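Reader: I am new to this structure, and I would like to understand the reasoning behind the words used to describe it. Could you take me through them step by step?

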Amino acid sequence: STRLPQKALLPIHGISSIERCLLQTLAIERSMKSVLATSSHPSDTVLAQHTLGDRVDFVQGSEDDVLERLFLAIEHHEAQVIIRVTGDCPVVSYELLNFLVDVHVESGADISYPASGFPVGINGEIYSVSALRRLRDLMPQTLHSEYLIFYFTNNPGVFRLNPVDIPEYFRRDWRLTLDEVSDLELFERIFSTLDVGARAIAFEELVDFFATHPAAASINRANRLRYTHDAEFVARLNQATTIPARNRRQDSPL
């Protein structure tokens, strides 16, 4: 991150932000294994020291193609469905992800994700591995797969999309992702106020925190996500993640 260098290693109430994120994933009841999939760049090797005592698997892969890293984890665990969470989400909601997995399995979709209304940083995406393999067949390189969901939402004629209306309880006006110094300040405030040690934090605790400290939500509210507010970047991203018509197979399931 150029805005917040080495943000994965920055401590939040004494525990690195990446470990905070991983603790949340370990609390997902519908998940069998958590995998930290990072790049093969030498600077990322230090993350191997942040796997919570080897409770989390560690893989390193392509620096430019995140999907390639996912395949390393998929092949090792012979997964059929994966939950994708980005490492800059120290309070990703295991409760919401449990809900999404259940909805995904019932739907038979290629991808399930919250439709709208959720705080940035609490959500993830649920993918059927068969759909990820189909994406790779159609696009041998996915150099923008840091934004993997765009390869699906920009190709509704190829993939079965399942935007999920999440329960009202999760609909909050908070920003809970780590990109800026003020984001770190908010997380430190949350975890230190609640005195959360080496454990997952429940969504209910976040609700209680903001109910008793409503001004805290304004600490980082002015921060913006590049993939939603930078129009030029979004246009380039949409173009790069749209599968060319010549690549689409005639046997598309849709």
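Author: The model is predicted, and a good place to begin is Asp230, which has a relative accessible area of 28% and is partly exposed.

Reader: Why is Asp230 called partly exposed?

Author: Buried means under 20% relative accessible area and exposed means over 50%, with partly exposed in between; Asp230 has 28%, and therefore it is called partly exposed. Asp230 is found in the loop between helix H8 (226–229) and helix H9 (231–240), and its C-alpha atom is separated by 31 Å from that of Phe191, which is 39 residues apart from it along the chain.

Reader: Is Glu78 buried or exposed, and how do you know?

Author: Glu78 has a relative accessible area of 69%, and because exposed means over 50%, Glu78 counts as exposed. Its place is in the loop between helix H2 (66–77) and strand E5.

Reader: What is said about the phi of Glu78, and why is a phi value worth noting?

Author: Glu78 has a positive phi of about 50°, although it is not a glycine. A value of that sign is worth noting because most residues other than glycine have a negative phi. Asp195, which is not a glycine either, also has a positive phi of about 50°, and its place is in the loop between helix H6 (181–194) and helix H7 (203–212). With 56% relative accessibility set against the cut-off of over 50%, Asp195 therefore counts as exposed.

Reader: What makes strand E5 and strand E8 the edge strands of the sheet?

Author: The open sheet has 4 strands in the order E5-E7-E6-E8, with mixed pairing. Strand E5 (81–84) and strand E8 (161–164) each pair on one side only, and they are the edge strands. From one strand to the next, the twist averages 20°.

Reader: How do you know that E6 and E8 pair?

Author: Two strands pair if there are at least two bridges between them; strand E6 (residues 111–114) and E8 have 4 bridges, in the parallel sense, and therefore they count as a pair. The bridge partner of Tyr113 in E8 is Pro163. Helix H4 (residues 129–138) packs on the sheet, where it touches E5 and E7, and its direction makes about 75° with that of E7.

Reader: Which residues are the closest to the centre of the second largest pocket?

Author: The second largest pocket has a volume of about 200 Å³. Of the 13 residues that line this pocket, the closest to its centre are Val120, Trp174, Arg175, Arg221 and Asn223, and the lining divides into 4 nonpolar, 4 polar and 5 charged residues.

Technical notes. Residues numbered from 1 in each chain as written. Predicted model: local features only at pLDDT ≥ 70, side-chain atom pairs only at ≥ 80, totals over all residues. Heavy atoms only, no water. 1 Å grid on protein atoms, 1.4 Å probe; cavity = no way out; pocket = protein on both sides within 12 Å on 5 of 7 lines; lining within 4 Å. Points joined across faces, edges and corners; volume = space filled by probe spheres on them. Nonpolar A, V, L, I, M, F, W, Y, C, P; charged D, E, K, R; others polar. Helix = DSSP H or I, 4+ residues; strand = E, 2+ residues; numbered from the N terminus. Axes fitted to C-alpha atoms, helices over the stretch in contact; angles between N-to-C directions. Contact = heavy atoms within 4.5 Å. Buried < 20%, exposed > 50% of the residue type's maximum accessible area, 1.4 Å probe, protein only.
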